[in-house]
Amino acid sequence: MSFAGGCLCGGVRFTVQRRHLNAVHCYCQMCRKAHGTAFSTHAVIRPEQIEWVSDPAALVKFESSPQAFREFCPTCGAHVLVHGQTGDNTQAIPVGLFDGDPPVTVLSHIFVGERVGWYQITDTLPQHAGWPEGFGRPS
Ligand SMILES: [Zn+2]
Ligand SMILES: [Zn+2]
């Protein structure tokens, strides 16, 4: 299946080839600052599954922690990519960038240790204080 997406202004466009989209809600302080929201929802995608319609080199890159990058549309500021945090080459795309209302399976809440008190989690999905086991850069 393919999922088309892009930024708010339409300057950034891509297609992701996957059977389905799996996502996590991340409550870390960096996601909160980067998105201005209580949490961000990212789909984890292998780089070869992303087909760029626009030039990915046009994205503005910010190193939010050592070797971990957040990339933005230079025109509208939409958050397009997060990568490097897991110590491998997986890419995270905020699922709100996908056009329409594609099927997305939210697997868990991560970094709930950094959640703000003004947002309460009311579902029964698994919650992880930081990375779920098996993810993240080994410390
Ligand atoms: Zn844009
Ligand atoms: Zn985060």
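**Note on a predicted single-helix, ten-strand model**

1. Both faces of strand 9, which runs over residues 91-94, are covered in this predicted model. On one side Gln91 and Ile93 are buried, and on the other side Ala92 and Pro94 are buried as well. For a reader new to the word, a residue is called buried here if 20 or more other C-beta atoms lie within 10 Å of its own.

2. Strand 9 has pairing partners, and it helps to take them one at a time. Strand 4, residues 40-45, pairs with strand 9 in the antiparallel sense over four bridges, and within that pairing His42 stands opposite Pro94. Strand 8, residues 79-83, is also antiparallel to strand 9, with two bridges joining the pair, and here His83 is the residue that stands opposite Gln91. Pro94 and Gln91, which face these two histidines, are both among the buried residues of strand 9.

3. As background to these pairings, the strands of a sheet are held to one another through backbone hydrogen bonds, in either a parallel or an antiparallel arrangement.

4. A separate point concerns an open sheet of three strands, whose order is 1-2-5 and whose pairing is antiparallel. Strand 1 (2-6) and strand 5 (50-52) stand at the edges with a single partner strand each, so one side of each has no neighbour in the sheet. From one strand to the next, the twist in this sheet averages 25 degrees.

5. Within the 1-2-5 sheet, strand 1 pairs with strand 2, residues 13-17, in the antiparallel sense over five bridges. One of the facing positions can be found by looking at Ala4, which stands opposite Thr15 in strand 2.

6. Turning to the protein as a whole, one helix and ten strands are present, and reading along the sequence gives the pattern β-β-β-α-β-β-β-β-β-β-β, in which the helix comes after three strands and is followed by seven.

7. What does the radius of gyration say about the overall form of the protein? A compact globule of 139 residues would have a radius of gyration near 14 Å, and the protein has 14 Å, so the value agrees with that expectation. Along its principal axes the C-alpha trace spans about 35 × 30 × 30 Å.

8. Two percentages complete the picture. Of the 139 residues, 28% count as buried, and among contacts between residues at least 6 apart in sequence, 55% join residues at least 24 apart.

Conventions. Residues numbered from 1 in each chain as written. Chains lettered and ligands numbered in written order. Predicted model: local features only at pLDDT ≥ 70, side-chain atom pairs only at ≥ 80, totals over all residues. Rg over C-alpha atoms; globule rule 2.2 N^0.38 Å. Buried ≥ 20, exposed ≤ 12 C-beta atoms within 10 Å, placed from the backbone. Contact = placed C-beta atoms within 7 Å. Pairing = 2+ DSSP bridges. Axes fitted to C-alpha atoms, helices over the stretch in contact; angles between N-to-C directions.
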